[in-house]
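User: I'm new to this one and I'd like to know the reasons behind the labels. Can you walk me through it?

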Amino acid sequence: MGIMEKMRLDGKSIFVTGGARGIGKSVAAAFCEAGAHVAIVDVDLETARETADWLRETTGSDTMAIQADVTNPEQVNHMVAMVREKYGKLDAAFCNAGICINVAAEDMTFEQWKKVIDINLTGVFLTAQAAGKVMLEQGYGSIINTASMSAHIVNVPQPQCAYNASKAGVIQLTKSLAVEWAKRGVRVNCISPGYIGTDLTLSSETLKPLIAQWNSMAPMGRLGKPEELQSICVYLAGDTSTFTTGSDFVVDGAFTCF
């Protein structure tokens, strides 16, 4: 079997949180194109269903939509149970749901801080934990968490201390889980995207002046595209990455190199 055949995900079962749009939707599309069965998980069930239907029609893959709040353990556990019930196993999980609130540290409310940490860090823990329990029982599986280049740098000019802290936590959580589960067949890695031009980002009037400044600072002079994160996730979900665990893959067009 050649390397391209080994990169395929035929028959694998994967869930994607925050899968209705943006990076999650793009990576879910790549999983489907590689032959996987994919569950689109999101708090927005209507959009999740639209994404799942679109992926089924365009790729022919078996998809499903599930509504779940990643900060709610019961909903997360139920979501994983639904995936396992439908597909009989869980090969990979893309723990991707996240938010950002740009507020100066001295003005940030406790509620704003807690919301970012709950979704971005606790939510990743809960979904990775629920997936990990299934994978440990199976004796195999791959978990991919979404961190950020913001775990490595302090973004400017926007103030986002909660986001930066949460994403730094995701990287250390990833490494911790990887070490705990390394001898039990479960791999855990994370990706750290730079500024990515999703539909929501590009359509935001508030972000337009920030995008101009980000691009002026970027070695490549542009935002990344959601599809530029697809191949690393397909690699991590598949069988050619069986010696890759505890790693953080920075995909940022060299933004964090200086």
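Analyst: Sure, and keep in mind that this is a predicted model. Let's start with cysteine 100: its sulfur is 9.9 Å from the closest cysteine sulfur, the one in cysteine 161, which is too far for a bond.

User: What makes 9.9 Å too far for a bond?

Analyst: A disulfide needs the two sulfur atoms within 2.5 Å. Seen from the other side, cysteine 161 has cysteine 100 as its closest partner at 9.9 Å, so that's too far for a bond as well. By this rule the count comes to 0 disulfides.

User: Why is cysteine 100 called partly exposed?

Analyst: Buried means under 20% relative accessible area and exposed means over 50%. Cysteine 100 has 39%, so it's partly exposed. Cysteine 161, at 30%, counts as partly exposed too.

User: Now the helices. Why are α5 and α6 called roughly parallel?

Analyst: The axes of α5 (residues 110-138) and α6 (residues 161-181) cross at roughly 15° and come within 8 Å. Angles under 35 degrees count as roughly parallel, so α5 is roughly parallel to α6. Their crossing is right-handed.

User: Which residues meet between α5 and α6?

Analyst: On the α5 side they include Trp113, Leu121, Phe125 and Leu136. On the α6 side, Cys161, Tyr163, Leu173 and Trp181 are among them. The residues of this α5 and α6 contact divide into 16 nonpolar, 5 polar and 1 charged.

Key. Residues numbered from 1 in each chain as written. Predicted model: local features only at pLDDT ≥ 70, side-chain atom pairs only at ≥ 80, totals over all residues. Heavy atoms only, no water. Axes fitted to C-alpha atoms, helices over the stretch in contact; angles between N-to-C directions. Helix = DSSP H or I, 4+ residues; strand = E, 2+ residues; numbered from the N terminus. Parallel < 35°, antiparallel > 145°, perpendicular 65-115°, else oblique. Left-handed = near helix turned anticlockwise from the far one by under 90°. Contact = heavy atoms within 4.5 Å. Nonpolar A, V, L, I, M, F, W, Y, C, P; charged D, E, K, R; others polar. Buried < 20%, exposed > 50% of the residue type's maximum accessible area, 1.4 Å probe, protein only.
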